Amino acid sequence: MTRAKLRAEEIEKEIATLIDKIVSASTATMEYTNERVDVLDTEKKAVKEKIAQLSAEMYDRSNVGAISGYMNNWEEIDINDKLSVVDMLMEQNKIKRSSPRYDDAFRAGAVWLVVEQHRPAREVAAELGICIDTLKSWLQVAGVHPGNAERKNRDLRRLRELEVEVKTLRKQVEICAFNVVQRCGM
C-alpha cells in the first residue's frame, strides 16, 4: 500500500510539473502535455482504487464469520471459546477505535500542500486519508484560514489558466499576422 501511495504522489508531482510548463509550451508540447496528463490521471485513478482495495483488505473479514457462528450458539459453547470470541471482538474494536496520531512533519507537509502547492484542502485530506476537519484545524493552528487558502488557491489556479490562454491567443495572433503579411505580399 505504501508503494501505491508513493506512486500516487509521484503522479501528482508529474502532473503539477507538466501544468507548470504549459505556460511556455508550443502547440505540439501542449498536445503532448494534455495527453500525458490524461494518461497520468487514468493511472492515478487506478492507483487510488488499488489503495482503497488494500485498505479494505487490511481488516480481517475472516473473523466475522467465525464470530457470528459463535454468537448463534452462544449458550452451547464452552468458556474458552467464549473468551476467544470476546478477545477477537475487543481486538477488532481496538483497531477501529484507535485514532491515528500524526507527527509534526506530517502535519506541516499537509499544510504545505494546501498553502504552498495551492491544492484544495478537501483534495489533500482525501489523498492523505485524513478528515477534512483535522486538516482545517492544522491550517488554523498554522495561522491560515482554510477559506482564504481555498479562495487563494482557486484564484491562483484561474490565473494560471488565464496565462496559458493568453499565451495561446498570442501565438494564434502571430500566426494570423504572418498569414496576412504573406497574402498581402509585404
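This report describes helix H1, the residues that face it from helix H2, and the salt bridges of a predicted model.

Helix H1 covers residues 2-21, and at 1.5 Å a residue its 20 residues should span 28 Å, which agrees with the 29 Å between its end C-alpha atoms. Ala4, Ala8, Ile11, Glu12, Ile15 and Leu18 are buried in H1, and because these buried residues fall within an arc of 125° when seen down the axis, they line one face of the helix. Thr2, Arg3, Lys13, Asp20 and Lys21, on the other side of H1, are exposed.

Two of the buried residues of H1, Ile11 and Glu12, are in contact with lysine 44, once its neighbours within four places in sequence are left aside. Lysine 44 belongs to helix H2, residues 27-58, and its relative accessibility of 14% is under the 20% cut-off, so it counts as buried.

The whole structure holds six salt bridges, among them the three tabulated here.

| Pair | Closest N to O distance |
|---|---|
| Arginine 36 and glutamate 14 | 3.0 Å |
| Lysine 45 and aspartate 41 | 3.8 Å |
| Glutamate 161 and arginine 158 | 3.3 Å |

The salt bridge of arginine 36 with glutamate 14 links distant parts of the chain, since arginine 36 lies in H2 and glutamate 14 in H1, 22 residues apart. Arginine 36 is partly exposed at 24%, as is glutamate 14 at 27%.

Lysine 45 and aspartate 41 are four residues apart in H2, and therefore separated by about one helical turn; lysine 45 is exposed at 54%, whereas aspartate 41 is partly exposed at 31%. In helix H8, glutamate 161 and arginine 158 are three residues apart, again about one helical turn. Elsewhere, Arg119, Glu123 and Glu127 are joined into one network by salt bridges that share partners.

Technical notes. Residues are numbered from 1 along each chain as its sequence is written. This is a predicted model: local features need pLDDT of at least 70, side-chain atom pairs count only at pLDDT 80 or more; totals for chains, interfaces and linings use all residues. Side-chain values use heavy atoms; hydrogens and water are left out. Helices (H or I, at least four residues) and strands (E, at least two) are DSSP runs, numbered from the N terminus. The expected span of a helix is 1.5 Å times one less than its number of residues. Buried means under 20% relative accessible area, exposed over 50%, partly exposed in between (1.4 Å probe, protein chains only). The arc is that of the directions from the helix axis to the C-beta atoms. Contact means heavy atoms within 4.5 Å. A salt bridge is a side-chain nitrogen of Lys or Arg within 4 Å of a carboxyl oxygen of Asp or Glu.
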